[in-house]
Amino acid sequence: MRTRRAYRIPIEWDAIRATDLSNIRDDARQAHGLASYDPALVNTASCTSAITFIDGDRGVLRYRGYPIEQLPGRVRFLDVAYLLIHGELPGGIEARDWAAAVSSGADLPGAITSMVAGFPAEAHPMGVLLAAWSALGAYREASKAVDDPTVRAAEVPRFLGSIAALVGLVVRHRTGRPLASPAASKADYSTRFYRELFPAEAPPDPVLADALDTLLIIQADHEQNCSTNAVRAVGSSRVDPYSAIAAGIAALYGPLHGGANEAVVRMLHQIGTVDRVPPYIESVKRSERKLMGFGHRVYKSYDPRAKIIKATMERVFDVTGTSPLLDVALAIEAIALEDAYFIDRKLYPNVDFYSGLVYEAMGLPIDTYTTIFAAARMAGWVAHWLEGIQDPEQKITRPRQVYVGRDARDLGR
Ligand code: ACO
């Protein structure tokens, strides 16, 4: 309308290329053509991806085509990680080689153990994990060769072994236990991870080890979420993958993202009893606070992962005994699902609403929950990092801005 010129912009994959907008320009006024303004990337596809599909209106989540509901209990987390990273579930020999290569990453340099030990025990485990993971990259010099497929193939499985070992170390430090890693065993990845987290005198109950496996599976990937976008953006600079993944750990730490699992349980403790739920909900509706564990950028219906966690939680509580906070959580959900504020805004429980209750029932300290999420999400971060750096269209991520500052001015004499 400004120039009365007509433009043709092709539509591809139900999207337009934002770079095509730059052909729309008022030559007299603009150095660059039209840009799109989308500060939180609410309606901007930043890449193509073949890893995870979400239909947020219908509550559908699929990993490489498999519905999320079909995976827990039938496939173990380590095979799901292989699926996300390689595109197919592993066959017998592939699964064995994959597990062995993953295990090789669990051998952490002694300096990393000393580094974790140097933090105060009350330091937030996500801060410690972030620092230690970044430092680990300095010991894995070969990983800098991001364009070498042989190096990538050797490094990728080690990320999964390293994160489980590192989270175990951080949790043992947080809980004041000896830092030495448990003896290697032939148990599967999730059971060994369970042993990293909990004292040796508590042999893993199969229900709890399976619950951990389920939690790892459902938190393994979620397409272009905040932390995965961070990994892809930082990885686009061709930095080593440890540094790119450190960006993901930092993003996950935030209470609006993975840190919500901790924030939910703090909220439930703060509310305390069912009779205090209605006034709390009213304060949310007055915008005094957010209801943690509710709402999602993509899901405008019940998060399918929350359904799976809810069922898992019931099995865990059969073993551990129920939580006094469960009634508070159920009351919040019941009220919110009937209330116009939440219905109109399509706010439903997300993956973090019930996961913290499961971690609490297992006996983990509240500030360690997000470290478990990081161990799970490593699978997705690695899959997306690999996909991004092999995509010829994926240049260095460098968005535009709309400058709203002062015009040129002069310091004067
Ligand atoms: N409690 C109360 N109101 C909410 C909540 C909430 N949890 N979430 C969204 N809303 C309201 C907003 O205030 C807004 O209301 P308005 O239209 O009157 O202004 C409306 O719903 C739309 O919300 P947005 O802020 O536009 O949603 P956005 O997509 O930007 O944010 C997010 C998504 C960050 C997840 C948000 O729902 C939230 O903060 N939830 C609580 C934190 C949380 O549970 N995060 C974990 C998400 S899952 C994960 O990352 C692993």
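This report describes a predicted model of a protein, from its domains down to its rings and empty spaces.

## Domains

The protein is divided into three parts: domain 1 covers residues 1-37, domain 2 covers 52-255 together with 371-389, and domain 3 covers 260-361. Domain 2 is thus written as two stretches of the chain. Taken over C-alpha atoms, the centres of domain 1 and domain 2 are 42 Å apart.

## The sheet

An open sheet is built from three strands in the order β1-β2-β3, and the pairing is antiparallel. Since β1 and β3 stand at the edges and each has a single partner strand, one side of each is left without a neighbour in the sheet.

Strand β1 spans residues 52-55 and strand β2 spans residues 60-63; four bridges hold this antiparallel pair. One of the bridge partners can be named: F53 is matched with R62 in β2. The two strands form a hairpin with four residues between them. In that turn, G59 has a positive phi of about 65°.

Strand β3 (residues 66-67) runs antiparallel to β2 and is joined to β2 by two bridges. Here Y63 stands opposite Y66 in β3. The strands β2 and β3 also form a hairpin, with two residues between them. Within this hairpin, R64 takes a positive phi near 50°.

## A covered helix

Is helix α2 mostly covered or mostly uncovered? Helix α2, at residues 77-86, is mostly covered, as eight of its ten residues are buried. The buried residues are F77, L78, V80, A81, Y82, L83, L84 and I85. After α2 comes G87, which has a positive phi near 100°.

## Aromatic rings

Across the whole structure, a search finds 14 aromatic pairs. One of them is formed by Y189 and F193: the ring centres are 6.5 Å apart, the planes are at 35°, and the pair is tilted. Why are Y189 and F193 separated by about one helical turn? The reason is that they are four residues apart in helix α7, which covers residues 189-197. As a general rule, an α-helix has 3.6 residues a turn, so residues three or four places apart point the same way. Both Y189 and F193 are buried.

Another pair is made by Y341 and F342, with ring centres 5.0 Å apart. Their planes are at 70°, so this pair is edge-to-face; the cut-off for that class is over 60 degrees. F342 has a relative accessibility of 1%, and therefore counts as buried, the limit being under 20%. Y341 and F342 also belong to one aromatic cluster together with F294, F353 and Y354. In addition, R345 lies over the face of Y341, at 3.8 Å from the ring centre.

## Cavities

Rolling a probe the size of a water molecule over the atoms shows where empty space is left. Searching the whole structure gives three cavities of 30 Å³ or more. The largest cavity holds about 40 Å³ of space.

Which residues line the largest cavity? The lining consists of R232, G235, S236, R238, W385, G388, I389 and Q394. Two elements give two or more residues to this lining, namely α9 (226-235) and α17 (369-389). The largest share, three residues, comes from α17.

## A pocket

The second largest pocket contains about 280 Å³ of space. Its lining is made of 16 residues. Among them, A106, S181, A184, R192 and E196 lie nearest the centre of the pocket.

The elements that each give two or more residues to the lining of this pocket are α3 (92-104), α6 (149-174) and α7. Which of the elements gives the most? Helix α7 does, with five residues. Helix α7 is also the helix that holds the tilted pair's two residues, Y189 and F193.

Key: Residues numbered from 1 in each chain as written. Predicted model: local features only at pLDDT ≥ 70, side-chain atom pairs only at ≥ 80, totals over all residues. Heavy atoms only, no water. Pairing = 2+ DSSP bridges. Domains from an automatic or database assignment. Phe/Tyr/Trp six-rings, centres within 6.5 Å; stacked < 30°, edge-to-face > 60°. Buried < 20%, exposed > 50% of the residue type's maximum accessible area, 1.4 Å probe, protein only. Lys NZ or Arg CZ within 6 Å of the ring centre and 35° of its normal. 1 Å grid on protein atoms, 1.4 Å probe; cavity = no way out; pocket = protein on both sides within 12 Å on 5 of 7 lines; lining within 4 Å. Points joined across faces, edges and corners; volume = space filled by probe spheres on them.
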